[in-house]
Amino acid sequence: MQDKAVIAVLGGTGKEGGGLALRWAHKGHGVIVGSRTAERAQEAADAMNETLGGHGVKGMANPDAAAAADIVVLAVPYAAQQSTVREVAEVLKGKILIDVTVPLVPPKVSRVHLHEGGSAVEAVQTLLGEEVKVVSAFQNISAHHLTKLDEEIECDVLVCADDAAAADTVVDLAQEIGLRAWNAGPLCNSVVAEGLTSVLIALNRRYKVPGSGIRITGV
Ligand SMILES: NC(=O)c1ccc[n+]([C@@H]2O[C@H](COP(=O)([O-])OP(=O)(O)OC[C@H]3O[C@@H](n4cnc5c(N)ncnc54)[C@H](OP(=O)(O)O)[C@@H]3O)[C@@H](O)[C@H]2O)c1
């Protein structure tokens, strides 16, 4: 692996994945925006390059993006989580997959919905098997804040993984883009981060704010 990992963001045309992609590109990572269509991916990549005044962001169809990267981020809606993972499963072998999916069930997104049988990300790990190191992170970071590159984001990142070294890598990647991040234990603990997002959405609505967050204290 080079000094800075090349990161593919599947669903990087969207709000959350696009914000993460922009921040990593801003910090000098090679970034590949993934999409169901190469054209949409390229459009999003062009827009990011224009924002950053560079050309470090590329656009590709999801499977090509996953194949070309060192680390892959999954940033698609819950309903598309499993199908998107199946499409790229072969090329993920030996890599870290960072899953940001929240198991929201529209329209009641401010009510906690738990994936049947545990956290949504554990089902992804089961689907992919041990050859892929699946890490859960960023579920509580509102996309609203990510595109404001100079803004300090007042929300910590809970990173959960069964592979401690993979979790550390993702903690480092979060810190690189200005976030406080913690290794919050095994993948099963992600059920709390996944559920917490609906609590934050409820807070956003109640207090009329765009992106409430959480802080871990006492560490
Ligand atoms: N938005 C937030 O503030 C936020 C915060 C934390 C976590 N998250 C989580 O991050 C994930 C992405 O959220 P988002 O708000 O960025 O979502 P989004 O903008 O609605 O969707 C992201 C991308 O997913 C792809 N996509 C949409 N429907 C799909 C389908 N049926 N099959 C395959 N791909 C599909 C689209 O890319 P293409 O059309 O280009 O393929 C889209 O641009 C979600 O799981 C969400 O819960 C979001």
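Across which strands does helix α4 lie, and at about what angle to β4 does the helix run? In this predicted model, where local features need pLDDT of at least 70, side-chain atom pairs count only at pLDDT 80 or more, and totals for chains, interfaces and linings use all residues, helix α4 (residues 81-88) lies across the three strands tabulated here, running at about 155° to β4. Residues are numbered from 1 along each chain as its sequence is written, and side-chain values use heavy atoms, with hydrogens and water left out.

| Strand crossed by α4 | Residues |
|---|---|
| β1 | 7-10 |
| β4 | 71-74 |
| β5 | 96-99 |

Helices (H or I, at least four residues) and strands (E, at least two) are DSSP runs numbered from the N terminus, axes are lines fitted to C-alpha atoms, for helices over the stretch in contact (heavy atoms within 4.5 Å), and angles run from 0 to 180 degrees between N-to-C directions.

The open sheet has eight strands in the order β3-β2-β1-β4-β5-β6-β7-β8, with mixed pairing, where two strands pair if DSSP finds at least two bridges between them. Its edge strands are β3 (57-61) and β8 (181-183), each pairing on one side only, and the twist averages 25° from one strand to the next. Strands β6 (residues 133-136) and β7 (residues 157-161) pair in the antiparallel sense over two bridges, and V135 stands opposite A161 in β7.

V159 touches, among others, V135, V170 and W182, not counting residues up to four places away in sequence.
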